[in-house]
Amino acid sequence: HVPQVLSSTEEIVELYRELSRHPGLSAACLGPDITTQYGGKYCSLYTEWSQRDLARAENVKFCRQYLIFHDGVSVVYSGPAGTCSEIKDELLSRESPSGALKAVLRKVPGKEKEKEKQFLEVWDQNRKVKSIDLTALDKHGSVYDDDQFGCLAWSHSETHLLYVAEKKRPKAESFFQSKAPELGASDEDTGHPKKEDAPLKVGSPRPGAGSGRQGGCGADRAVPQGEQFVYHEDWGEALSTRSVPVLCALDIEGSSVSVLEGVPEHLSPGQAFWSPGDTGVVFVGWWHEPFRLGLLHCTNRRSALFYVDLTGGRCELLSEDTRAVWSPRLSPDRCRIVYLENDALGPHQQCSRLRMYDWYTKHTSTVLEAVPRQAWGEYGPGGSSGGQEGVLRTIAFIAGAFPGIYCGALPGLCWAADSRRLVLDTAQRSQQDVFVVDTVTGTTTSLTADAPQGSWSVLTIDRDLLVARFSTPSCPPTLKVAMLPDTGREAQVRWVCLQDAPPVPGISWGIRTLRPPPEQEHPQYGGLDFDAILLRPSEGPAAQKPPLVVMPHGGPHSVFTAGWMLYPAALCRMGFAVLLVNYRGSLGFGQDSVASLPGNVGTQDVHDVQLCVERVLQEESLDAGRVALVGGSHGGFLACHLLGQFPDTYHACVVRNPVVNIASMVATTDIPDWCLTETGLPYTPDALPDPAQWTEMLRKSPMCYVDQVRAPVLLLLGEDDRRVPPKQGLEYYRALKARGVLTRLLWYPGNNHALAGVEAEADGFMNMALWLLKHLRC
């Protein structure tokens, strides 16, 4: 008798609908402190959430407000104020430093046959005070709302707003266009710049006089011919409409926009903010010579911190110019800027350094270095389960172990009120924890050591009121607040839950640690271990001996942290055990672990996953006759490898946009450097195809093992994927068909690498679930 897994299509649809309703928490913003007539203090907390709406096939955003009463030391009372309301068409929003104003970038559908427009709005406490049609002003292309370049920054004087937009392109026409007779030239054509194009002076509320040139098309600028089809390089996956970013400033009172001058031609600017004193703008500049490489999730692209002076348009380098930097954050006293730094090229994600630039002394210091290995308590050769894991963690914390910084960005507001400490979250092995960093001494203290295990992230900190998100594999995101204690007392932090989410019943989970056998140790980086998170059904008939779904993560330099994930939770509720493997090379285990993988993809990562599967099948009551693989990107690369290298272990497979042939991917992807780096080869932009290198790339690819594959394979491909172009999946599909292996391919138009469109994600889940049920004979 085989334990039953949920198998009716209607029930699976209902389960997915229910679990996909759990909202994600995306942003938080604290309002100014208000003192009551009784002397108590409170402030409002504005939060933004997003939720899948399956009926509308889109993600909807909504906001909810809370009140927090505090005495400056602890939170006295907190609770919601009113109900949720949906936010429509907001691309970016930002409160001003005083909290009196709010700026919103909004998209507005065009009337009749017009294109969509973008408006920049300013609101005060009770109404909209400005609404500016940026599309009509026509100073630039569309405004960037992405995390990579995008920003919406208030000047300290609250008179100007800074943002990043696509550079305006002159209209081009055909060689054969018929010309309309000229009826007298307009201002623009005769080279008289319009009045509002005077250079920007931010200290005063009105644009002042000066010598800056700020636009104005001279008469010699005729409409160019033969330029309609010129190729414009872009920044790759998910940034395909980003080509030449420019910094733009809106003078709120004059309702005029200026495109800032002085940014060198070879740089793409982004992540900008106003300098102390509003004298200029600080920004991150990415080199785009000799050509642009994909930037999403690539914190290894050559970039530096710059300052452009508004009066003379002078541009000054503030950091080293041979590294990769991002996430600059100005301290509340406006004296110091912290930012993250990696080496340029090499693995796309690494253990990062935290650097600090002093605005007045112009001195740069390293606050935190990359951590080769985390000092971690002693343990025996076997894996450890929940209880023992807790003991290990306390040993680690007593030793002051800090895992290093592994994060895509620092929180938008991350400084404590003392302008000396800052808070950040980072992967710490298979958890995500919050740390406070003293920038003077370089000491780090965990703020979540005594809190429940799971995934913690900082949403904001303001006047030492800290707002965080917490989730686990069985508990959707919840909202937590705390006051940051004084220096030296940080470990006494007390978290208060503001918005709870009931845990999803029927899911139990734990983290286990594994060490590779001696013959699989890395010759240079010995003694590394790795983790896996195992979810299993804790109720229902399948809880005794459930089938197992193995999921390695993509990247390969990323990590599964013990937080809420829709697919694993839904599979577990259906009756599958789910194994999430953080093989060597994952983030959160020290830089040595990251460095151990390039040159060993297809072997070290594959063997780590296989070891983990074999160990779990030995130690847990699972059905070894029903094991499947599910993975995307590099996780798909590993799934296809495992299918061919260990065909007896696996009985079904589902892969999303998998890498199957590194040699054929190198010429089509937005990240050719990845193909060489992970194969263990040097990357230079001018390298020519070398047969020996191509051989090596093919040798490390799953395609080499396609002859041994027997399990049925379902492929999910995004038509607009620039990272692992869908030709990769098609190549595998044809190879499997030619060998008589059962295979099915789903093709998702309008979706890129993540397949994160609500419709594609839901359809992908249903097809995956039905494929697993069918081929694991559930």
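This text leads through selected features of a predicted model, from the annotated N-terminal region to the helices of the later part of the chain.

An unreviewed UniProt entry lists a "domain: Acylamino-acid-releasing enzyme N-terminal" and assigns to it residues 48-192, 230-311 and 400-496. Within this annotation, the segment 230-311 is 0% helix and 41% strand, and its end C-alpha atoms are 34 Å apart.

Strands β15 and β16 offer a starting point. F283 and F306 form a stacked aromatic pair, with 5.5 Å from centre to centre and 20° between the planes. Because F283 belongs to strand β15 (residues 280-287) and F306 to strand β16 (residues 303-309), the pair ties together parts that are 23 residues apart in sequence. Both F283 and F306 are buried. The loop between β15 and β16 holds P290, and the peptide bond from E289 to P290 is cis, with omega near -5°. A further aromatic grouping is the single cluster formed by Y144, F149, W235 and W286.

Two loop residues deserve attention for their backbone angles. Most residues other than glycine have a negative phi, and most peptide bonds are trans. D89, in the loop between β5 (75-87) and β6 (90-95), has a positive phi near 60°. With a relative accessibility of 29%, D89 counts as partly exposed. A238 likewise has a positive phi, near 65°, and is found in the loop between β11 (160-166) and β12 (245-251). The relative accessibility of A238 is 47%, so this residue counts as partly exposed.

The next stop is P556, in the loop between β31 (548-552) and α4. The peptide bond that joins G555 to P556 is cis, with omega near -5°. Is P556 buried or exposed? Its relative accessibility is 0%, and P556 therefore counts as buried. Leaving aside residues up to four places away in sequence, P556 touches Y583, G585, S586, L597, H634, W674 and E678. The C-alpha atoms of P556 and G412, by contrast, are separated by 27 Å, with these positions 144 residues apart along the chain.

Two of the residues that P556 touches, W674 and E678, are also among the buried residues of helix α9. Why is helix α9 (residues 672-679) described as largely enclosed by the rest of the structure? Eight of its eight residues are buried, so the surrounding structure largely encloses this helix. Those residues are P672, D673, W674, C675, L676, T677, E678 and T679. Their cover includes α7 (634-645), α8 (662-665) and α10 (691-699). After α9 comes G680, whose phi is positive, near 95°.

For residues 570-776, UniProt lists "domain: Peptidase S9 prolyl oligopeptidase catalytic", again in an unreviewed entry. This span is 43% helix and 14% strand, and its end C-alpha atoms lie 17 Å apart.

The last feature is a helix packing. The axes of helix α4 (residues 566-574) and helix α12 (residues 758-775) come within 12 Å and cross at roughly 35°. The crossing of α4 past α12 is right-handed. From α4, the residues making the contact are L566, Y567, A570, L571 and M574; from α12, they are E761, G764, F765, M768, A769, L772 and L773. By class, this contact of α4 with α12 has ten nonpolar residues, one polar and one charged. An α-helix has 3.6 residues a turn, so residues three or four places apart point the same way.

Definitions and conventions
Residues numbered from 1 in each chain as written. Predicted model: local features only at pLDDT ≥ 70, side-chain atom pairs only at ≥ 80, totals over all residues. Heavy atoms only, no water. Axes fitted to C-alpha atoms, helices over the stretch in contact; angles between N-to-C directions. Helix = DSSP H or I, 4+ residues; strand = E, 2+ residues; numbered from the N terminus. Left-handed = near helix turned anticlockwise from the far one by under 90°. Contact = heavy atoms within 4.5 Å. Nonpolar A, V, L, I, M, F, W, Y, C, P; charged D, E, K, R; others polar. Buried < 20%, exposed > 50% of the residue type's maximum accessible area, 1.4 Å probe, protein only. UniProt positions renumbered as here; feature names shortened; annotations may be inferred. Phe/Tyr/Trp six-rings, centres within 6.5 Å; stacked < 30°, edge-to-face > 60°.
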